[in-house]
Amino acid sequence: MGMNKGFIILSFILIIITIALIIVIVVSSFFLRIHLVEILEYEQRYNNAQLGLISLLSSTHENKKIIEIIAEYEAFGRYDNIEEILTNKISKFSNCYSLSIQDKTLAKSAECEPGMYVARVKIPLPNGEVKILRLVME
Amino acid sequence: MKGTGVEVAAIAILATVMVTGIVMANLVYRIKDVMMSSEESFILEAINRIELLKLSLTQSLLYSTYNSIYRYTNSADGSYDCISNKVYKEMISKSDYKEELDNLIMEEMSAYSEKLEMENTTIKFGKLKIEGDGGLETILEISILFDSNLVDLEDKFDVKSKIEVC
């Protein structure tokens, strides 16, 4: 009788352990999956912001590269319409963005605050200085 | 009753082992895919950073060439769209202008590259070619090394700048 009781208790303990293990595995795999998907999405969007910056700086406006226009704007204060020039270019690949040089905003989308996906590049100015250009995209 | 207890215990152990095995196999398979995607992301990031640096170095060579011409001819700061005919004639009137410009351009480029270098990147310069015929064309060999724990990339390329006379 004592043996039977012992086996029944052991069985219940094992069943409880099994259920606990299943819950732990399922819950941990669910969280791990979510975490990995978040990392991948972040990396993908981070790369997209870099690609956006490459395409912006390589493009031209009236036979002048955008990187040159930004540098001359920053060094000599040329191009009063820089916001318009940059908005025309960036809005072709993003509708939620912000472009700034050091702490000065050059162009920004009207009704959207871009998130955490940031690309940076150091751009040379004619006077020998180098400044950080930052594109934030959603 | 004794038999029932042992059977339940055996089924419980078997179920635990099976479920653990299935879930672990699934996780390992998923992690392998995710690791591959992560590696691709890191490679893409390295390529993007090299491409962004190329854009900055191309622009640096243009400014370095203008600044070197103005330093060589002792001209006050001039335009960065073209050099005046007067500056151009003054420059080419000296027989050693290419050697002198070579030194000045490399000096300017080194100053720019020190400021442009980013984390995990190293910039090295090769030969500089200066060709002048109705203007000035400079071609500089550059090598960028991106070296992080996960990705190791090297890109060798030529950067060109053309200065027009106006």
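A:Ile123 sits opposite A:Lys131 of strand 6 in chain A. That pair belongs to an antiparallel match between strand 5 and strand 6 (residues 130-137) of chain A, which runs over eight bridges. Keep in mind that this is a predicted model. Here's a quick tour of the sheet in chain A, then the hairpins and a helix in chain B.

**The sheet in chain A**
- Four strands of chain A make an open sheet, ordered 4-3-6-5, with antiparallel pairing.
- At its edges are strand 4 (104-108) and strand 5 (117-124) of chain A, each of which pairs on one side only.
- Going from one strand to the next, the twist averages 20°.

**Helices against that sheet**
- Helix 2 of chain A lies across strand 3 (97-101), strand 4, strand 5 and strand 6 of chain A, and runs at about 70° to strand 5.
- Helix 3 (residues 82-90) of chain A also packs on the sheet, where it touches strand 3 and strand 4 of chain A. Its direction makes about 50° with that of strand 4.

**How far to trust chain A**
- Chain A has a mean pLDDT of 83, with 87% of its residues at 70 or more.
- Within chain A, confidence bottoms out in helix 1 (residues 2-58), at a mean of 76, and is highest in helix 2 (residues 66-76), at 93.
- As a rule, predicted coordinates shouldn't be read in detail where pLDDT is low.

**Hairpins in chain B**
- Strand 1 (residues 121-131) and strand 2 of chain B pair antiparallel over nine bridges, and B:Lys124 faces B:Ser143 of strand 2.
- Three residues lie between those two strands, and in this hairpin B:Gly134 takes a positive phi near 75°.
- Strand 2 of chain B also pairs with strand 3 (residues 152-164) of chain B, again antiparallel, over 13 bridges. Here B:Ile144 stands opposite B:Asp155, and the hairpin joins the two strands through four residues.
- Strand 2 (residues 135-147) of chain B has two faces: the covered one includes B:Leu136, B:Leu140 and B:Phe146, while the uncovered one includes B:Glu137, B:Glu141 and B:Asp147.

**Helix 3 of chain B**
- With 20 residues at 1.5 Å each, helix 3 (residues 97-116) of chain B should span 28 Å, and its end C-alpha atoms are indeed 28 Å apart.
- Buried residues in helix 3 of chain B include B:Leu101, B:Ile105, B:Met109, B:Tyr112 and B:Leu116.
- Looking down the axis of helix 3 of chain B, the buried residues fall within an arc of 140°, so they line one face.
- B:Glu99, B:Asn103, B:Ser110 and B:Glu114 are exposed on the other side of helix 3 of chain B.

Terms used:
Residues are numbered from 1 along each chain as its sequence is written. Chains are lettered from A and ligands numbered from 1 in the order in which they are written. This is a predicted model: local features need pLDDT of at least 70, side-chain atom pairs count only at pLDDT 80 or more; totals for chains, interfaces and linings use all residues. pLDDT is the predictor's confidence in each residue, from 0 to 100. A residue is buried if 20 or more other C-beta atoms lie within 10 Å of its own, exposed if 12 or fewer, and partly exposed in between; C-beta atoms are placed from the backbone. Two strands pair if DSSP finds at least two bridges between them. The expected span of a helix is 1.5 Å times one less than its number of residues. The arc is that of the directions from the helix axis to the C-beta atoms. Axes are lines fitted to C-alpha atoms, for helices over the stretch in contact, and angles run from 0 to 180 degrees between N-to-C directions. Two residues are in contact if their C-beta atoms, placed from the backbone, lie within 7 Å.
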